[in-house]
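Dear colleague,

Please find below the structure that I am handing over to you, together with its sequence. My findings follow directly after it.

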Amino acid sequence: MSRAYPDFPGAACHAEDVDPELFVTEGDRGRKREQRIAKAKAVCFRCKWRQECGLWAYRTHQTGIYGATTTAERDEMRRPRRAAAA
Ligand code: SF4
């Protein structure tokens, strides 16, 4: 499985020593998945584009880890809050 490659110059995930597959979590489960997410987020947290990337992924409905957020976390952000609906 692959993902859309974020087009941010100098992005941390573009480094040669970073495995692009780290950011694809859909095939894993359990502990292996959690470890992959943690590693990918660690890369994102040292990236200067983290906020822009997360917003781009949120707006364009990307699948995978972007801006230190998972697909599920971005989906959760889109859900209306109960307090706001009440
Ligand atoms: S925030 Fe993460 S996914 Fe986005 S460009 Fe940076 S390292 Fe890549």
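**The nonpolar core**

In this predicted model, the largest nonpolar core consists of twelve residues: C13, L22, F23, I37, A40, C44, C47, W49, C53, A57, I65 and Y66. Two elements, α1 and α2, give two or more residues to this core. The largest share, three residues, is that of α1.

One member of the core, A40, is part of helix α1. A40 counts as buried because it has 24 C-beta neighbours inside 10 Å, the cut-off being 20 or more. Leaving aside residues up to four places away in sequence, A40 touches L22, F23 and I65. With the same exclusion of residues up to four places away, C47 touches A11, A12 and C13.

**The surroundings of the ligand**

There are 14 residues around the ligand, and those that come nearest are A11, C13, C44, C47 and C53. Helices α1 (30-45) and α2 (50-60) each supply at least two residues of this shell. By character, the residues of the shell comprise twelve nonpolar, one polar and one charged. C13, C44, C47 and C53 are also listed in the largest nonpolar core.

**Helix α2**

Which residues of α2 are buried? They are R50, C53, G54 and A57. These residues lie on the same side of α2, because they cover an arc of only 100° around the axis. This agrees with the general geometry: an α-helix has 3.6 residues a turn, so residues three or four places apart point the same way. The elements that cover the buried residues of α2 include α1 and α3 (71-78). On the other side of α2, the exposed residues are Q51, R59 and T60.

Just after α2, H61 adopts a positive phi of about 55°. Between A40 and H61 there are 18 Å in space, C-alpha to C-alpha, and the two are 21 residues apart in sequence.

**Confidence**

The average pLDDT of the chain is 90, and 92% of the residues score at least 70. Confidence is highest in α2, at 96, and lowest in helix α4 (residues 82-85), at a mean of 61. Where pLDDT is low, the predicted coordinates should not be read in detail.

With kind regards

Methods: Residues are numbered from 1 along each chain as its sequence is written. This is a predicted model: local features need pLDDT of at least 70, side-chain atom pairs count only at pLDDT 80 or more; totals for chains, interfaces and linings use all residues. A residue is near a molecule or strand if its C-beta atom, placed from the backbone, lies within 6 Å of it. Helices (H or I, at least four residues) and strands (E, at least two) are DSSP runs, numbered from the N terminus. Ala, Val, Leu, Ile, Met, Phe, Trp, Tyr, Cys and Pro count as nonpolar, Asp, Glu, Lys and Arg as charged, and the others, Gly among them, as polar. A nonpolar core is a set of buried Ala, Val, Leu, Ile, Met, Phe, Trp, Tyr and Cys residues joined through C-beta atoms within 7 Å. Two residues are in contact if their C-beta atoms, placed from the backbone, lie within 7 Å. pLDDT is the predictor's confidence in each residue, from 0 to 100. The arc is that of the directions from the helix axis to the C-beta atoms.
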